[in-house]
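Okay, thanks for coming, everyone. Let me put the structure up on the screen and we'll walk through it together.

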There are 2 protein chains.
Amino acid sequence: MNRDMQGYLEETEARILSHLESNHVSDTIRVSSSYSVKAGGKRFRPYLLFATLEALGKDPMKGVHTAAAIEMIHTYSLIHDDLPAMDDDDYRRGKPTNHKVFGEAAAILAGDTLLTESFSIMASDEALSAEKRLAIISRTASKAGFNGMIGGQMLDMEAEGEEIGFRQLEHIHQYKTGQLIVLPVECACIIADAPREIRNRLLEFSEKLGILFQIRDDILDVEGDMAVTGKQVGSDERKNKMTYVSTYGLEGAHEELVNLTDSAGEILDGLSGKVDTQELHNVLQMFAVRDQ
Amino acid sequence: MNRDMQGYLEETEARILSHLESNHVSDTIRVSSSYSVKAGGKRFRPYLLFATLEALGKDPMKGVHTAAAIEMIHTYSLIHDDLPAMDDDDYRRGKPTNHKVFGEAAAILAGDTLLTESFSIMASDEALSAEKRLAIISRTASKAGFNGMIGGQMLDMEAEGEEIGFRQLEHIHQYKTGQLIVLPVECACIIADAPREIRNRLLEFSEKLGILFQIRDDILDVEGDMAVTGKQVGSDERKNKMTYVSTYGLEGAHEELVNLTDSAGEILDGLSGKVDTQELHNVLQMFAVRDQ
């Protein structure tokens, strides 16, 4: 990641936190919603958005509001997924999960807050025309909604402990995690008015990135280091969850990861000359080798 | 309520349900989110929006998307508020609450769905200009978010069992229920380009309507008929909740209701000649005497 990218990510976090600070009604909500944002994470989705804007020759600063909104939606989904009624996780990013610190009611409401306020941030983005803001709001609601992330989370919950086929596993991940990785690329293409052909190739790239992200996640659940991942290791197996590792074995999952990384890289190579893919190659590497 | 208004409310419900039908990923989410919409309710907020549009001489059909979105947000808030970690209610509108039927995970996700998809509906409202859609999205996120409904719900949870003053009780309700009653009036003024002076008076009216709504709610919790309200009676007292009734007594609460109804009616009278307040008077009566 180049130093500029680091700066855009810092701008994104600052944008989120300053918005959350403007909460003057409930101290609990302000503190609990900020807690999960400050708990860190690699900001993969904002990074992917900025790298795509850079590839398309557009000033990445134009994407700060959108990146902030997407990261808020990602964060809300983690808070709700961690709840006892859902995945029931006690640790996230090395820290106690939101409901462990603030209780379930405050955690539910902190998630609701981040989701609701993400739309405030998108609607008030004065760097973009009204039409572009609406297009971004529309795509975001769609990718985060019932035909996207929420739908996938429900399928995932229902598949727990069930015998499902591999196709179905891929189908679940395509929604549960995939859509919110495609989203930053799609939004960057809207912001930069990307030509249709380039847009389609970038979306293909982001779909591969989504699968790759999930495979890496499953591998980390087996061989990750809790001190680094911040999550309890082995939780998929304990929950009898079907994963890429339980399907292919650890070695097979690693192979699949390498294959996907290669084919995603080839898409970028096919775009060279048309867009500057340097930073997107960095994103791809980061997704492939991440240890948290 | 005139027959046209009934038609707009039917359009609103149809708009919500057809949108929820377009969910092709999770059957559970489609069924659980539709369940709470179909469970009824008086559609006070859509009615208030349509009545305000009619008062302002604007075709109420222009408000169907916005009304649908506001009703979805109201419905999501009920689903989340009823959860065991929140108000822990088993009945709502005479039917088992969402989590009682579908389980907590599906209920949390059904709420998340209705909130997220409400923004899809607002963003795709082709009856309105991009600028008006953005203004409506922005006001909605603001009134539903941390400085509105969610903030109020958190304050309300924290006040349970506490000794709070009456001013604080009013403060809580202003956010928890008041903001989402002001919202339809504000959105109608955006859609109809209402002159500032008229807009300010209508907003004042809606603020009174919000307080009145809460007083009636508190009264119904004591003297309501479960067969009509669809809620368990006496739940505030069991939870040791401070209400208008616990503060003023039942008779005092009734008096307060009459006073507020009068002063809200006077605001409307002051507007006669400028706007056609007939239907807004009907809304006021409905709020004041509702038995569910």
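So, how many disulfides does a search of the whole structure find over all chains? Zero. And keep in mind as we go that this is a predicted model.

Let's stay with the cysteines for a moment. A disulfide is a covalent bond between the sulfur atoms of two cysteines. Take A:Cys187: the closest cysteine sulfur belongs to A:Cys189, and at 9.3 Å that's too far for a bond. Start from A:Cys189 instead and you land back on A:Cys187, again at 9.3 Å and again too far. To count as a disulfide, the two sulfurs would have to be within 2.5 Å. As for the surroundings, A:Cys187 is buried, at 0% relative accessibility, and A:Cys189 is buried too, with a relative accessible area of 4%.

Next, how the chains sit together. Chain B goes onto chain A with a rotation of 180° and 0.0 Å of shift along the axis, and the RMSD is 0.0 Å. So the two copies are related as by a two-fold rotation axis. If you want to find that axis on the screen, look for B:Ala130: in chain B, its C-alpha is the nearest one to the axis, at 3.0 Å. Both copies use the same surface, too, with 100% of the contact residues of chain B recurring in chain A.

Now the inside. In soluble globular proteins, nonpolar side chains tend to be buried together. Here, the largest nonpolar core has 192 residues. Which residues have the most contacts inside it? That would be A:Phe205 and B:Phe205. Helix 9 of chain B, residues 166–191, gives this core its largest share, 14 residues. If we zoom in on B:Phe205 and skip its neighbours within four places in sequence, its contacts are B:Leu48, B:Ala264, B:Ile267, B:Leu268, B:Leu280 and B:Leu284.

Here's a polar residue to look at as well: B:Asn98, in helix 5 of chain B, which covers residues 98–102. Is B:Asn98 buried or exposed? Buried, because its relative accessibility is 4%, and the cut-off for buried is under 20%. Its side chain has a partner, though: B:Asn98 reaches the backbone oxygen of B:Ser32 at 2.9 Å. Beyond its neighbours within four places in sequence, B:Asn98 also touches several other residues, among them B:Tyr35, B:Ile79 and B:Ala110.

Last topic, the aromatics. The count comes to 15 aromatic pairs over all chains. One of them is A:Phe166 with A:Tyr248: the ring centres are 5.0 Å apart and the planes sit at 55°, so we call that pair tilted. A:Phe166 is in helix 9 of chain A and A:Tyr248 is in helix 13 of chain A, so the pair ties together parts that are 82 residues apart in sequence. A:Tyr248 is partly exposed, by the way, at 37% relative accessible area.

Over in chain B, look at B:Phe166 and B:Tyr244. Their ring centres are 5.4 Å apart with the planes at 85°, so this pair is edge-to-face. Again it's helix 9 and helix 13, this time of chain B, with the two residues 78 apart. Both B:Phe166 and B:Tyr244 are buried.

And one more to click on before we stop: back in chain A, ring pairs join A:Phe44, A:Phe213 and A:Phe287 into a cluster.

How values were computed. Residues are numbered from 1 along each chain as its sequence is written. Chains are lettered from A and ligands numbered from 1 in the order in which they are written. This is a predicted model: local features need pLDDT of at least 70, side-chain atom pairs count only at pLDDT 80 or more; totals for chains, interfaces and linings use all residues. Side-chain values use heavy atoms; hydrogens and water are left out. Copies are superposed by least squares on the C-alpha atoms of residues with pLDDT of at least 70 in both. Contact means heavy atoms within 4.5 Å. A nonpolar core is a set of buried Ala, Val, Leu, Ile, Met, Phe, Trp, Tyr and Cys residues joined through side-chain atoms within 4.5 Å. Buried means under 20% relative accessible area, exposed over 50%, partly exposed in between (1.4 Å probe, protein chains only). Helices (H or I, at least four residues) and strands (E, at least two) are DSSP runs, numbered from the N terminus. A polar contact is a pair of N or O atoms within 3.5 Å; within protein, one must be able to donate a hydrogen and the other to accept it, and residues adjacent in sequence count only if both atoms are side-chain atoms. Rings of Phe, Tyr and Trp (its six-membered ring) pair if their centres lie within 6.5 Å; planes under 30 degrees apart count as stacked, over 60 as edge-to-face and the rest as tilted.
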